[in-house]
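Me: Please take one part of this structure and go through it closely, in connected prose. Give the cut-off behind each term when you first use it.

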Amino acid sequence: TGAPMIAPSILSADFARLADEAAAVAGSDWLHVDVMDNHFVPNLTLGVPVVQSLIKATDIPLDCHLMIDDPDRWAPPYAELGARNVTFHVEAAADPRQTARAIKSAGALAGLALKPDTSLADHLDLLTEFDTLLVMTVEPGFGGQAFIDAMVDKIAAARRAVDSGHLRLLVEVDGGVNAETIERAAAAGADCFVAGSAVYGADDPADAVRRLRESARR
Ligand code: DX5
Ligand code: ZN
């Protein structure tokens, strides 16, 4: 694992000023974009047209987290638009292998997301198909929830699976990440950290990103 990656989540940004909100976190590794469809999760955010505009409005690579039904059908277009990483939930996918391949052949990294109650052990055989593994540390749907501490063991298990399998897979953590919880997630072996309210709720979002990066290094 290299330097910790920080991915601010625009879910906690002002949706009327997305270009400015992206500029406010320049220097972030990825910009995390939460796509929600009101079916897989009880919230509705944005989709392809907004991602298409945002990608032109920022140099930060987009990390699209699809909390949607039928990702087999709806995920590949985000890769075709030029998102860096396209993550979908295993709970929603009919054929996660084929969907990962479609994302990768469109030029993006492919990510597998697990809700807090979804077992990692049941899906280990899928990991060779993916570039990133998103361990949810809150129930997906909303920003500003508390980090579920019991997920630290799942992060550690993901780290062990990656290392023992010699996989080229980034372990990403999403939900309740702040300057305090990021230390536990980093100690358990995560590579990439999504943070919404801890970044956009701060007076100085760029400084919040720097602080998170420092906390993850310790
Ligand atoms: C929740 C989203 C997260 C959210 C995290 O469903 O997947 O990316 O933005 O927000 P915080 O960091 O506030 O928990
Ligand atoms: Zn997310």
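**A close look at the annotated site**

Reply: D34 counts as buried because it has 24 C-beta neighbours inside 10 Å; the class requires 20 or more other C-beta atoms within 10 Å of a residue's own, while 12 or fewer make a residue exposed, anything in between makes it partly exposed, and the C-beta atoms are placed from the backbone. The model is predicted, so local features need pLDDT of at least 70 and side-chain atom pairs count only at pLDDT 80 or more, whereas totals for chains, interfaces and linings use all residues. Residues are numbered from 1 along each chain as its sequence is written, and chains are lettered from A and ligands numbered from 1 in the order in which they are written.

D34 lies in strand β2, where strands are DSSP runs of E with at least two residues, helices are runs of H or I with at least four, and both are numbered from the N terminus. In an unreviewed entry, UniProt places the feature "active site" at D34 and D174; such positions are given in the numbering used here, feature names are shortened, and annotations may be inferred rather than shown by experiment. Although these positions are spread over 141 residues of sequence, they cluster in space, with a largest C-alpha distance of 10.6 Å.

The surroundings of the two aspartates can be set side by side. Leaving aside neighbours within four places in sequence, D34 is in contact with S9, L11, T45, H65 and M67, a contact being two C-beta atoms, placed from the backbone, within 7 Å. With that exclusion, D174 is in contact with H65, L134, M136, T137 and V194, so H65 appears in the lists of both D34 and D174. D174 belongs to strand β7 (residues 170-174) and is buried because 26 C-beta neighbours fall inside 10 Å.

The unreviewed UniProt entry also carries the feature "binding site", whose positions include S9, H65, G143, G144, D174, G196 and S197. S9 sits in the loop between β1 (5-8) and α1, and it is buried because 25 other C-beta atoms lie within 10 Å. Beyond its neighbours up to four places away in sequence, S9 is in contact with H32, D34, G143, V194, A195 and G196. G144, in the loop between β6 (132-136) and α6 (151-164), is by contrast partly exposed, because it has 13 C-beta neighbours inside 10 Å.

Which residues are closest to ligand 1? They are S9, L11, G143, G196 and S197, in a shell of 22 residues, each counted as near when its C-beta atom, placed from the backbone, lies within 6 Å of the molecule. At least two residues of this shell come from each of β2, β8 (192-195) and α8 (197-200). By class, the shell divides into eight nonpolar, twelve polar and two charged residues, with Ala, Val, Leu, Ile, Met, Phe, Trp, Tyr, Cys and Pro taken as nonpolar, Asp, Glu, Lys and Arg as charged, and the others, Gly among them, as polar.

Strand β8 ties several of these pieces together. It runs parallel to β1, to which it is joined by four bridges, and M5 stands opposite C192 in β8. With β7 it pairs in the parallel sense over three bridges, pairing being called where DSSP finds at least two bridges between strands, and D174 has V194 of β8 as its bridge partner. Both faces of β8 are covered, since C192 and V194 on one side and F193 and A195 on the other are all buried. In a regular strand the side chains alternate between the two faces of the sheet.

F193 of this strand also leads into the interior: it is listed with V86, V135, I155 and A185 as having the most contacts inside the largest nonpolar core, which has 72 residues. Such a core is a set of buried Ala, Val, Leu, Ile, Met, Phe, Trp, Tyr and Cys residues joined through C-beta atoms within 7 Å. A185 is in contact with V152, I155, V173, V177, A190 and F193, its neighbours within four places in sequence left aside.
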